[in-house]
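Please explain how this predicted model is arranged, beginning with the residues around its RNA strand and ending with its nonpolar cores.

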Amino acid sequence: MHIGTVRTALFNYLFAKKHGGTYFVRIEDTDKERNKEEWVDAIWRDFEWCGLMPDKRSRTSEHLDRHRELLRGLVEKDTAYVSSEPAKDDPERTVELVRLRNPGKELTFDDLVRGPITFDTTELGDFVIARSIDDPLYHFAVVADDGDEGVTHVLRAEEHISNTPRQILIQEALGFPRPVYGHLPLILAPDRSKLSKRKHGASIENYRSQGFLPTAIINYLALLGWNPGTDQEIFSLTELIDVFSIDGVQKGGAVFDVQKLEWFNKEYLLKLDSHEYQHMVRNALPMEIAELPQFDEERLQRLLPVIRERVHTMKEVAEAAQAGEYDFAFAAPHPDADLLKWKKDATAADAIPRLQRAAEILHEADFSSAETVKDALWPYAEEIGRGELLWPLRVSLTGRKESPDPFVCAFIIGREETLARIEKACDTIGR
RNA sequence: GGCCCUAUCGUCUAAUGGUUAGGACGCAAGGUUUUCAUCCUUGAAAUCGGAGUUCGAUUCUCCGUAGGGUCACCA
């Protein structure tokens, strides 16, 4: 499902809930050629995942008998007629198309987001409404179904604005009531073209597979082309129902900004309870991490919270793991002597006494949390200068120039391993 | 091209016929326990152009300009 479809669904959902209506989605599968059962299944699965499952659903293809009956009625009344003409794809062949007798008048409808919109329908001519009595086209089927299914409000994408007059014409021919139409602004790519699934990966599946949370996507999408009139940005679906108003819907198209989505995702990641969060990270972590020499469940358990504030999405977790950012937890590094050298040190060897003193302290320290490790080390760090101790210590434990702070690292790997790595670092420098 | 829609920081947007044009993301600088991240503070950054109405317009009107949608025997 296209991300734009999700937003359209969201606004329909919010509008319906806000007004005590029924949130209704119809699969418009008039074109048999272009429909596959698994696509329809995928659509419902996406709705489910987003938390936007409709109150009521239907499918155009199930109403064929009724469409035939309605079409016959129009032809009998002579508001539509069957016309024999050469087939478009093969001019040798003759086909019989059903065309609407267009009264050719000026027509105005009151758009829920844009106000009155006027068209001259003359230019539409006697447009085709069915390939045959048995084969209605989209415009006809939609109007017939809307009427039969009691649709009162239609919220759809802006690209349908110019379809609306022809649908109203069919409606009037059928004698069906006119629903209220509202056309939502388009979601745009950074170059301001229409956001496309193929070109821009704008499918919900794409974002799901990157590890975005449905709650974050919904929240972001709600604010794309709508605003509550306050500075609040974080909304649950229920809160959205509460504050939603169609007046806050923007008229112009909105550029989809992944960075802002990522920000929302991080916010929602931070809100997750630790069970949900752990489940996600475990799935995102590559299998290879379990093959690291010191891998064990307790260390993983201590590492997990550290990951959370450093990533926006689960894809980033996988990438960071791939880049070896979490390896320190399960494998002793081979620290580089140059890296171990604090910027004020003349040579790396200057750091050895400080590391040795740290080892002495840690030998006695309480390793029950990162905090207690810090409490043990802190007075000495203050005494000699923080960077002097903290930099070489961190490099000893992780071998990297970017990592969580040394107290956290020490806590994750435990006393024994911490002392072993400090010793190893001193050896490295000594050689 | 015809018809239709739209126009505030890079992006999403707020606001009023009179404001230092506000917020968020991103960006930059500084700070918070060294690095990364988090967090905090500060900063740079916008009313498409031209007429008109008005004491005054970013806001109202018109004309341009730009962008978008649509012109099917697709949906």
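**The surface near the RNA**

Of the 58 residues around RNA strand B, those that come nearest are E28, Y138, E159, G252 and D405; a residue is near a strand if its C-beta atom, placed from the backbone, lies within 6 Å of it. This is a predicted model in which local features need pLDDT of at least 70 and side-chain atom pairs count only at pLDDT 80 or more, while totals for chains, interfaces and linings use all residues. Residues are numbered from 1 along each chain as its sequence is written, and chains are lettered from A and ligands numbered from 1 in the order in which they are written.

Several elements each supply at least two residues of the surface near RNA strand B, among them β3 (80-86), β4 (94-100) and α10 (258-271). Helices (H or I, at least four residues) and strands (E, at least two) are DSSP runs, numbered from the N terminus. The largest share of this surface, five residues, comes from α17.

**Helix α1 and the cores**

In helix α1 (residues 3-18), 13 of the 16 residues are buried, that is, with 20 or more other C-beta atoms within 10 Å of their own. Just after α1, G20 takes a positive phi of about 65°.

The largest nonpolar core (buried Ala, Val, Leu, Ile, Met, Phe, Trp, Tyr and Cys residues joined through C-beta atoms within 7 Å) has 40 residues, and V6, L10, A216, I217 and L221 have the most contacts inside it. To this core α1 gives the most, with nine residues. Apart from it lies another core, of 36 residues, including Y326, A358, I422 and C426.

Terms used: A residue is buried if 20 or more other C-beta atoms lie within 10 Å of its own, exposed if 12 or fewer, and partly exposed in between; C-beta atoms are placed from the backbone.
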